[in-house]
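User: I am new to this structure and would be grateful for a close look at a single part of it. Please take the aromatic residues beside the main pocket as the point of departure, and then follow the surroundings outward.

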Amino acid sequence: MGYAVTYLSLIVLIPLAAAFVSAGQLSPAQWLHVLLTPRVLAAFRLSIIASLVAAAINAVFGLLIAWVLTRYRFPGRRLLDALVDLPFALPTAVAGIALTTLYAPNGWLGRILEPLGIHVAFTPLGVVVALTFIGLPFVVRTLQPVMADLDQDLERAAETLGARPTMVFRRIIFPALLPALVTGSALAFSRALGEYGSVIFIAGNIPLVSEIVPLVIMTKLEQFQYAEAAVVAVAMLLISFAM
């Protein structure tokens, strides 16, 4: 207990407490003034909604990918399994540059989507794409061990009793996977909420349009508004901790 509390305090609690101390220089009225400005509210709205959308997308496709990797054997499976971890290992700035190169109006995918009226780079949609990219491994890696431990005898028994595959999945498999799916999606949401490096390139960082909360914090730090930056950071910290 002593080792755990000491290590946690040095690495996590003391640095986070410094943010609260810095934010404490402002009164509650000043806190509200900082947090309720249109630019900060728009950034919180975009960060939270884009993170929720990205987590929902990852919940669906992460479940599908985890199912395929766990239940099937095919050529290239181990390579695909390794690629799932790429967002963990890849520097987020590199990911942001790569996504921007792909989805910019003159990019490989952007030039195809642009005539269709689908604008990804430098829009809120680009933020969702980046957050989906960095959040996928959390869902897949949370689901895989649970899927591997499922008792397939229950599925076979249901099939012998005449249950269709959709009913087997809905009544037997999905309830067992739901806690892990919720956990992985919550982790993906929390990770996306604080993402910075992969978003700033593809978002365009237009105030009130495609500016995220971490960028607002960085902007205030660059303007030497340390207490205001700490207030926004503490609000983001509380949201992440609640998740």
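**The aromatic cluster and its surroundings**

Analyst: In this predicted model, Trp-67 has a relative accessible area of 18% and is therefore buried, since a residue counts as buried when that value is under 20%. Phe-169, at a relative accessible area of 30%, is partly exposed. Phe-174 likewise counts as partly exposed, with a relative accessibility of 29%.

These residues meet through their rings. A pair of aromatic rings is described by the distance of the centres and the angle of the planes. The structure holds 4 aromatic pairs. One of them joins Trp-67 and Phe-169: the centres are 6.2 Å apart, the planes stand at 80° to one another, and the arrangement is edge-to-face. Because Trp-67 belongs to helix H3 and Phe-169 to helix H10, this pair ties together parts that are 102 residues apart in sequence. Phe-169 also pairs with Phe-174; here the centres are 5.9 Å apart and the planes lie at 40°, so the pair is tilted. Through these ring pairs, Trp-67, Phe-169 and Phe-174 are linked into a cluster.

Two members of the cluster, Trp-67 and Phe-169, also appear in the lining of the largest pocket. The space in this pocket amounts to about 230 Å³. Helix H3 (38-71), helix H9 (152-160) and helix H10 (165-193) are the elements that give two or more residues to its lining. Among the lining residues are Leu-63, Leu-64 and Arg-71, together with Gln-152, Glu-155, Arg-156 and Glu-159, and also Pro-165, Val-168 and Ile-173. By character, the lining divides into 7 nonpolar, 1 polar and 4 charged residues.

Helix H3 deserves a further look. Thr-70 lies in this helix and is buried, with a relative accessible area of 18%. Leaving out residues up to four places away in sequence, Thr-70 touches Gln-144, Met-147 and Ala-148. Asn-58 is also in helix H3. The relative accessible area of Asn-58 is 2%, so this residue is buried. Beyond its neighbours within four places in sequence, Asn-58 is in contact with Leu-63, Leu-131, Thr-132, Gly-135, Leu-136, Val-139 and Ala-188. Of these contacts, Leu-63 is itself one of the residues lining the largest pocket. As a reference for distance, Asn-58 and Thr-100 are separated by 42 residues in sequence and by 20 Å in space, C-alpha to C-alpha.

H3 and H10 also take part in covering two later helices. The first to consider is H12 (213-222), which is mostly covered, as 7 of its 10 residues are buried. The buried residues are Val-213, Pro-214, Leu-215, Val-216, Ile-217, Thr-219 and Lys-220. Their cover includes H2, H3, H10, helix H11 (197-203) and H13. Just after H12, Phe-224 takes a positive phi of about 65°.

The other is helix H13, which runs over residues 226-242. Its 17 residues should span 24 Å at 1.5 Å a residue, and the end C-alpha atoms are 24 Å apart, which agrees. The buried residues of H13 are Ala-227, Ala-229, Ala-230, Val-231, Val-232, Val-234, Ala-235 and Met-236. What covers them includes helix H1 (2-23), helix H2 (28-35), H3, H10 and H12. H12 and H13 thus each contribute to the cover of the other's buried residues.

One of the buried residues of H13, Ala-227, leads to the loop between H1 and H2, where Gln-25 lies. Setting aside neighbours within four places in sequence, Gln-25 is in contact with Gln-30 and Ala-227. Gln-25 is nevertheless exposed, with a relative accessible area of 60%. Between Gln-25 and Leu-86 there are 41 Å in space, C-alpha to C-alpha, and the two are 61 residues apart in sequence.

Helix H1, which forms part of the cover of H13, contains Ser-9. With a relative accessible area of 18%, Ser-9 is buried. Apart from residues up to four places away in sequence, Ser-9 touches Ile-14 and Pro-15.

To return to the point of departure, Trp-67, Phe-169 and Phe-174 form a cluster through ring pairs, and the pair of Trp-67 with Phe-169 ties helix H3 to helix H10.

How values were computed
Residues are numbered from 1 along each chain as its sequence is written. This is a predicted model: local features need pLDDT of at least 70, side-chain atom pairs count only at pLDDT 80 or more; totals for chains, interfaces and linings use all residues. Side-chain values use heavy atoms; hydrogens and water are left out. On a 1 Å grid over the protein atoms alone, a cavity is a set of points where a 1.4 Å probe fits but cannot get out, and a pocket is an open set with protein on both sides within 12 Å along at least five of seven lines; lining residues have an atom within 4 Å of a point. Grid points are joined across faces, edges and corners, and a volume is the space filled by probe spheres set on the points. Helices (H or I, at least four residues) and strands (E, at least two) are DSSP runs, numbered from the N terminus. Ala, Val, Leu, Ile, Met, Phe, Trp, Tyr, Cys and Pro count as nonpolar, Asp, Glu, Lys and Arg as charged, and the others, Gly among them, as polar. Rings of Phe, Tyr and Trp (its six-membered ring) pair if their centres lie within 6.5 Å; planes under 30 degrees apart count as stacked, over 60 as edge-to-face and the rest as tilted. Buried means under 20% relative accessible area, exposed over 50%, partly exposed in between (1.4 Å probe, protein chains only). Contact means heavy atoms within 4.5 Å. The expected span of a helix is 1.5 Å times one less than its number of residues.
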